[in-house]
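I am opening a notebook on a structure that is new to me, and I want to keep a record of what I look up. I will begin with the whole and then turn to single residues.

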Amino acid sequence: MIAYRPTSRRPIADTFRRTANGAVRLCLRWDVHPDTISYASIVVSATAAVCFWQAGMHPWLLLIAPGLCYIRLWFNMLDGMVALASGKASPRGEILNELPDRVSDVVIFVGVAHSGLNSPLGGYWCAILALLTAYVGVLGQAVGVRREFSGVMSKPWRMVVLHAGAWLTVLLRWTMALSA
């Protein structure tokens, strides 16, 4: 039997991929299912969302929330690496890999929307655009076009922009507090 190989994989920098090699070996040794890692990414995303949501009252949480977003990205990479290394990659797994990502996008941006630091409408539009970006990628893949994982609205760049915005907000709030 030939092992399933996904038709489209995100390009991941070797340096970033190497950060997970030990974790992949540990997951294989402990028989951690890739789906478990995918679900853990939702928990981390929900924690980031709570940090963003509460950042209006506690701005220091804006220093932590982006780190949780990067852990979410790392889990997203790890689940695929574990699926391939354990021989558990499957078409079902590809769907299960996408669904937690979409839930995570929405949860994080809803947390941002309700932080009180911006217009809630802006946070909801970010969530909608994140979903549409992913949908266009999956739609392209479904009709036989190679899926593209780059660009300014790709998942990693959304998190980088969110990170920059969060830290800039902290800097501005602290600067305003000091000058008052």
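The entries below run from the overall fold to a handful of chosen residues.

**Entry 1: the model and its fold.** I note at the outset that this is a predicted model, and I keep that in mind for each value I write down. I looked up the secondary structure and found that the protein has 7 helices and 0 strands, so that, read along the sequence, its pattern is α-α-α-α-α-α-α. I then asked how the radius of gyration of the protein compares with what the globule rule gives for 180 residues. The radius of gyration is 18 Å and the rule gives 16 Å, which is close, so the protein is as compact as a globular protein of that length. For the extents, I noted that the C-alpha trace spans about 70 × 40 × 25 Å along its principal axes.

**Entry 2: burial, contacts, surface and charge.** I looked up how much of the protein is buried, and buried residues make up 38% of the 180 residues. Turning to the contacts with a separation of 6 or more, I found that residues 24 or more positions apart account for 79% of them. The protein exposes about 10,400 Å², and carbon and sulfur atoms supply 73% of that area. I also looked at the charges, of which 16 are positive and 9 are negative, and their mean positions are 4 Å apart.

**Entry 3: Asp-31.** I stopped at Asp-31 for its backbone, where phi is positive at about 55 degrees although the residue is not a glycine. Asp-31 is found in the loop between helix H2, which covers 21-29, and helix H3, which covers 34-54. Is Asp-31 buried or exposed? With a relative accessible area of 56%, Asp-31 is exposed, because the cut-off for that word is over 50%.

**Entry 4: two residues of helix H3.** I went on to Asp-35, which is found in helix H3 and counts as buried at 11% relative accessibility. Leaving out residues up to four places away in sequence, I found that Asp-35 touches Arg-92 and Leu-96. Ala-48 also has its place in helix H3, and Ala-48 is buried, with a relative accessible area of 0%. Which residues does Ala-48 touch, not counting those up to four places away in sequence? Ala-48 touches Ala-65, Leu-68, Cys-69 and Ile-108. For Leu-68 I also looked up the backbone distance, and the C-alpha atoms of Ala-48 and Leu-68 are separated by 5.5 Å, although the two residues are 20 residues apart along the chain.

**Entry 5: helix H4 and an aromatic pair.** Met-81 has its place in helix H4, residues 61-86, and at 10% relative accessibility Met-81 counts as buried. I compared sequence and space for Met-81 and Asn-21, which are 60 residues apart in sequence and 8.6 Å apart from C-alpha to C-alpha. I then looked for aromatic pairs, and the count comes to 1. Trp-74 and Phe-75 form this pair, with 5.9 Å from centre to centre and 45 degrees between the planes, and the pair is tilted. Trp-74 counts as partly exposed, at 21% relative accessibility, because a residue has to be under 20% to be called buried.

**Entry 6: Asp-105.** My last residue was Asp-105, which lies in helix H5, residues 91-113. Asp-105 is buried, with a relative accessible area of 0%. What does Asp-105 touch, when residues up to four places away in sequence are not counted? I wrote down Arg-72, Ala-130, Arg-158 and Met-159. I also noted that the C-alpha atoms of Asp-105 and Cys-126, which are 21 residues apart along the chain, are separated by 8.7 Å.

Notes: Residues numbered from 1 in each chain as written. Predicted model: local features only at pLDDT ≥ 70, side-chain atom pairs only at ≥ 80, totals over all residues. Heavy atoms only, no water. Helix = DSSP H or I, 4+ residues; strand = E, 2+ residues; numbered from the N terminus. Buried < 20%, exposed > 50% of the residue type's maximum accessible area, 1.4 Å probe, protein only. Phe/Tyr/Trp six-rings, centres within 6.5 Å; stacked < 30°, edge-to-face > 60°. Rg over C-alpha atoms; globule rule 2.2 N^0.38 Å. Contact = heavy atoms within 4.5 Å. Areas by Shrake-Rupley, 256 points an atom, 1.4 Å probe, with all protein chains shown as cover. Lys, Arg positive; Asp, Glu negative; His and termini not counted. Charge placed at Lys NZ, Arg CZ, Asp CG, Glu CD.
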